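Subject: Structure for you to look at

Dear colleague,

Please find below the sequence and the structure that I promised to pass on to you. My notes on what was found in it follow directly after, and I would be glad if you read them with the structure open.

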Amino acid sequence: MTFNPVTVVALPDRSASWSMRRHLAHLSDEALVALVARGDEEALAELYDRVGRVAYGLAFRVLRDDRLAEDAVQEAFLGVWRTAAGFRAERAKASTWILTLVHRRAVDLVRREERRRAEPLDDETRDAATSGSAEEAAWLGFERERVQGALRQLPDAQREAIELAYYGGYSQSELAQRLGMPLGTIKSRMFAGLARLRELLDEGAEEGSWKPESTS
Amino acid sequence: METGIHELTAGYALDALDPAEREAFERHLVGCDRCQEELSSFWEVTGALAVAADGPAPNAALRERILAEARAEKQTVVPLDSRRRLSPVLAAVTAIAAAVAIGLGIYSISLSGQLDDTKAALTAQESAAAVLADPTATTVALQAGSGRLVVDADGAAVLVLDDLAAAPAGKTYQAWIVAGQTPVSAGIFDTTDNQAIVSIPQVVPNGAVVAVTVEKPGGASSPTLPPLAASEPV
């Protein structure tokens with residue numbers, strides 16, 4: 001079985017910001033997970049520094065609550081700490097794995113708390129991309145624009161299904177009810193939408209993905 | 001074929017399946033290369049959606065809390081992968097644990113040669129994996145033997161033994177829950193490569209000890225020998 005994961009997300013190389021810390025800065029996310037599997041706390045800290053920012057932003061978008069978002073991120077990273085030995089890089093990138101853990105946890109929490117909301121965040125809670133290094137802010141801003149641009153190119157019905165599911169935490173059957181559609185229609189929309197989004201992001205990546213240069 | 005269960009790959013990647021469907025899809029995934037491949041690429045797309053979520057930055061205290069918690073856990077956890085190499089069976093189960101943590105059952109494949117491919121075995125693997133992967137589960141050290149006992153908030157427990165030779169010829173290992181005067185059997189098991197992952201079928205109550213003895217084939221109604229391995233009280 002061969003895997004050909006499309007390269008859609010590449011978290012930024014933080015070599016510049018972390019060159020002070022022993023030898024971890026030059027390691028890939030996957031190598032850090034291997035160190036975490038051996039109980040290396042600094043490697044866990046480095047992973048958090050690379051992925052925690054996006055992880056929390058995602059959890060907050062789904063949960064709309066500081067405390068719950070922190071819980072989701074904390075539980076996901078402790079899951080990483082505990083199960084890193086089983087991570088297989090050929091299935092997913094380490095950052096993707098962590099974000100998948102965070103999302104699953106956030107969705108579980110939001111369903112339990114019955115606090116789902118579909119609207120985008122208002123300007124005040126949105127991240128103005130001012131935290132972190134300038135390099136990181138630039139990368140996040142660029143990547144967000146790229147993905148949001150791809151989302152905008154989806155047919156409305158597909159985009160709506162994906163956004164309500166991923167950011168709103170609605171299940172397919174809940175969406176069918178909410179939108180008054182047959183469940184089969186929702187399933188097809190999600191599949192078609194995600195497949196189209198994959199294409200759009202791939203095209204974008206081929207046109208020249210931009211990543212901050214390492215300066216160390 | 002882009003209909004039926006294959007189509008659920010998208011809902012699965014978006015964490016939008018209802019529990020029953022999620023479970024059905026995970027079972028399907030074990031034997032479907034195409035869905036595994038599709039899921040891998042869909043996860044990259046949901047990873048991109050995560051980056052685009054536009055949420056605020058975390059409070060700096062969160063980082064310290066996570067690291068402190070990890071450090072505290074380390075003191076009681078026997079790392080699954082300490083300095084030595086994992087044996088295949090433990091590596092496989094650990095892999096399942098991680099896979100379940102990300103909602104992916106596909107690593108069960110690596111166990112199929114070692115365990116009966118029956119529904120019961122698969123269910124036991126899945127529940128063991130779920131407990132091992134549960135970040136809120138507690139890890140209890142062993143007072144005798146090498147390994148650990150992992151117990152989740154509901155009392156579901158998995159005994160991990162990582163240095164236990166195969167039972168003597170004509171004998172079997174049996175697990176016990178010792179809560180009061182009378183130990184209760186928690187089933188019989190064998191080791192593979194000196195290791196065993198034992199899913200305890202009953203709830204392990206607070207204060208109870210899980211112990212292991214050598215018994216006659218099929219197990220005994222109460223322990224006949226002193227335990228070879230035993231956990232600290234849960």
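Among the contacts in chain B that join residues at least 6 apart in sequence, 58% link residues at least 24 apart. Please keep in mind throughout that this is a predicted model, and that the values below are computed from it. Of the 234 residues of chain B, 46% count as buried.

The secondary structure of chain B consists of six helices and eight strands, and along the sequence these follow the pattern α-α-α-α-α-α-β-β-β-β-β-β-β-β.

The sheet of chain B

The eight strands form an open sheet with antiparallel pairing, in the order β5-β4-β7-β8-β1-β2-β3-β6 of chain B. Its edges are β5 (184-189) and β6 (196-200) of chain B, each of which pairs on one side only. On average, and with direction ignored, neighbouring strands of this sheet are turned by 25° against each other.

Within this sheet I looked more closely at strand β7 of chain B, which covers residues 209-215. Is this strand largely enclosed by the rest of the structure, or is it open? Six of the seven residues of β7(B) are buried, and the strand is therefore largely enclosed by the rest of the structure. On one hand, β7(B) is joined to strand β4 (residues 172-178) of chain B by seven bridges, the two strands running antiparallel. In the register of that pairing, B:Val178 stands opposite B:Val209 of β7(B), while B:Tyr173 stands opposite B:Val214 of β7(B). On the other hand, β7(B) pairs with strand β8 (residues 229-231) of chain B, again in the antiparallel sense, over two bridges, and there B:Ala211 stands opposite B:Ala230 of β8(B). If you follow the side chains along the sheet, it may help to recall that in a regular strand they alternate between its two faces.

Where the two chains meet

How many residues of chain B are in contact with chain A? There are 58 of them, and they are in contact with 71 residues of chain A. The elements that give two or more residues to this side of chain B are α1 (8-13), α3 (33-51), α4 (60-74) and α5 (88-101) of chain B, and the largest share, 15 residues, comes from α3(B). Sorted by class, the side of chain B that touches chain A has 33 nonpolar, ten polar and 15 charged residues.

Helix packing in chain A

Three helix pairs of chain A are described here, beginning with helix α2 (residues 29-37) and helix α3 (residues 41-63) of chain A, whose axes come within 8 Å and cross at roughly 145°. The crossing in which α2(A) passes α3(A) is left-handed. On the side of α2(A) the contact is made by A:Asp29, A:Leu32, A:Leu35 and A:Val36, and on the side of α3(A) by A:Ala43, A:Leu44, A:Glu46, A:Leu47 and A:Arg50. These residues divide into six nonpolar, no polar and three charged.

Helix α3(A) also packs with α5(A), where the axes come within 9 Å and cross at roughly 25°, which makes α3(A) roughly parallel to α5(A). This crossing of α3(A) and α5(A) is right-handed. Among the residues that make the contact are A:Val51, A:Val54 and A:Leu58 of α3(A), together with A:Ile98, A:Val102 and A:Ala106 of α5(A). By class, the residues of the contact between α3(A) and α5(A) are 14 nonpolar, two polar and no charged.

Finally, helix α4 (residues 66-83) and helix α5 (residues 94-113) of chain A pack at an angle of about 140°, with their axes 8 Å apart, and the two are therefore oblique to each other. Helix α4(A) passes α5(A) in a right-handed crossing. In this contact, residues of α4(A) including A:Leu68, A:Asp71, A:Ala72 and A:Glu75 meet residues of α5(A) including A:Ile98, A:Leu101, A:Val102 and A:Arg105. The contact of α4(A) with α5(A) has ten nonpolar, one polar and four charged residues.

With best wishes

Notes. Residues are numbered from 1 along each chain as its sequence is written. Chains are lettered from A and ligands numbered from 1 in the order in which they are written. This is a predicted model: local features need pLDDT of at least 70, side-chain atom pairs count only at pLDDT 80 or more; totals for chains, interfaces and linings use all residues. Two residues are in contact if their C-beta atoms, placed from the backbone, lie within 7 Å. Helices (H or I, at least four residues) and strands (E, at least two) are DSSP runs, numbered from the N terminus. Ala, Val, Leu, Ile, Met, Phe, Trp, Tyr, Cys and Pro count as nonpolar, Asp, Glu, Lys and Arg as charged, and the others, Gly among them, as polar. A residue is buried if 20 or more other C-beta atoms lie within 10 Å of its own, exposed if 12 or fewer, and partly exposed in between; C-beta atoms are placed from the backbone. Two strands pair if DSSP finds at least two bridges between them. Axes are lines fitted to C-alpha atoms, for helices over the stretch in contact, and angles run from 0 to 180 degrees between N-to-C directions. A crossing is left-handed if the near helix is turned anticlockwise from the far one by less than a right angle, and right-handed if clockwise. Angles under 35 degrees count as roughly parallel, over 145 as roughly antiparallel, 65 to 115 as roughly perpendicular and the rest as oblique.
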